[in-house]
Each structure stands twice: as structure tokens, then as C-alpha cells.
Amino acid sequence: MRPLDEKETSAVFEKLFKFVGNNLKNIVENPSHEGPDANPGRYCFRLHKNKIFYASESLVKRATNVARPNLVSLGTCIGKYTHGGSFHLTVQALNLLAANAKHKVWLKPQSEMSFLYGNHVLKSALGRITDNIAAGDGVVVFSMADVPLGFGVAAKSTQDCRKLDPNGIVVLHQADVGEYLRMEDEL
């Protein structure tokens, strides 16, 4: 477990910025009230076995007592580096993204299961969509009851969605909470 270097930090922040925009400041400066200290600490990012963890400084200090081979997880795993060196967000980052999301999409109740099985979001599945989404923006997908279901990348802008046919893809699937069941050995 080690702090991120400059290249790794920029890759993580670029990916998070795609979803949360200027709210990235809230994630970085989020005070932590864990641990024995009366003063709130901060949250930080740590790399361990090609995975990026978001944990409080108090927890990181206490984890130094555990040998690296014995340390399995620390805080919240928000993503991982592939063998090719690119950074991918994982479904565990959903709570962090949902709380600070810049662009949101709400699904109709009858379409939630399709998304949770790993399918893209079609226009016929849209319940609501935020304004000013451009193609390629990161989007957090919610149910109509404001429960975060997953996230993806906008295939069309908000304006293009209005004149799209019902079977057109609006959001390209990246991760959803159904992965906890489908891929439980890998998470």
C-alpha cells in the first residue's frame, strides 16, 4: 500500500472528474471523523495490488501494522489499473459518484432489471435526464426512487435524446450493482 504517484493521481482524478465535475473538490477535501483524534482527518487515495482505495488517513495509519501480503482491502476500492496501464472505475465507487454526480439519468421501473443485467440504457427506458449532458460525459444511473443503480457514458447528448427513436442507446453501460452477484469472485 502506497500513495499514488503523479501519473496515477492524474489518471484517477481525470476519471472521477468525468463523472463528478467540479464536485471532485468535495471528494478530495471530505473530512473524516474516524479514529481517536478529536480533529477530523481527511480521506486519501492509496494503491495496493493495482487497486485504488479511498480511505481515511486514520485507517491508513492503522493499516501500516498489517504486512502487505496479508492486507486484502482498505477502505473503499474505487477502481483498478489494467495490465495495459489504464484506470477503470469499479462498481464499488458508485456511492462516491452518486453523492457527487454532475449528470444523472433516471430509469423507468420496468427497465431497471435490463440495466442491472448489464445492458445499455435505451431511450424507451428513460424516466428523466439532467440537462446539458454531452456525448461522452460520465452519467450516474438512478431508479425513479433515487437509488443509484450504476454508471456509464452518455452515447447521446440531452438534445439528441429528444429526437432519438425508442430503441436508440442513450447511456453505454460501464458498471451496475448487479455485478455484486454476477462477478462476486472478482470483486
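**A walk through the strands and the pocket**

Let's start with one pair: the bridge partner of F142 is P148, over in β11. That bridge is one of five joining β10 (residues 138–143) to β11 (residues 148–154), and these two strands run antiparallel. When I say pairing, I mean that DSSP finds at least two bridges between two strands. Strands here are DSSP runs of E with at least two residues, helices are runs of H or I with at least four, and both are numbered from the N terminus.

A word on the source: this is a predicted model, where local features need pLDDT of at least 70, side-chain atom pairs count only at pLDDT 80 or more, and totals for chains, interfaces and linings use all residues. Residues are numbered from 1 along each chain as its sequence is written, and side-chain values use heavy atoms, with hydrogens and water left out.

Okay, zooming out. Where do β10 and β11 sit? They belong to an open, mixed sheet of six strands, ordered β8-β12-β11-β10-β7-β9. At its edges are β8 (121–122) and β9 (126–129), each with a single partner strand, so each has one side without a neighbour in the sheet.

Now for another set of strands. Four bridges tie β4 (residues 51–56) to β5, again antiparallel, and there I52 has G79 as its bridge partner. On to β6: β5 pairs with β6 over three bridges, also in the antiparallel sense, and G79 shows up again, this time opposite L89. The hairpin of β5 and β6 has five residues between the strands, and G85 takes a positive phi near 95° there.

L89 brings us to the largest pocket, with a volume of about 290 Å³. A pocket here, on a 1 Å grid over the protein atoms alone with a 1.4 Å probe, is an open set of points with protein on both sides within 12 Å along at least five of seven lines; lining residues have an atom within 4 Å of a point. Volume is the space filled by probe spheres set on the points, which are joined across faces, edges and corners. Of the 16 lining residues, K80, H88, L89, T90 and E179 are the closest to the pocket's centre. Which strands each supply at least two lining residues? Those are β5 (76–81), β6 (87–89) and β12 (169–176).

Last, the whole chain: seven helices and twelve strands. The C-alpha trace spans about 55 × 35 × 30 Å along its principal axes. And 42% of the 187 residues count as buried, meaning under 20% relative accessible area with a 1.4 Å probe, protein chains only.

Technical notes
Buried means under 20% relative accessible area, exposed over 50%, partly exposed in between (1.4 Å probe, protein chains only).
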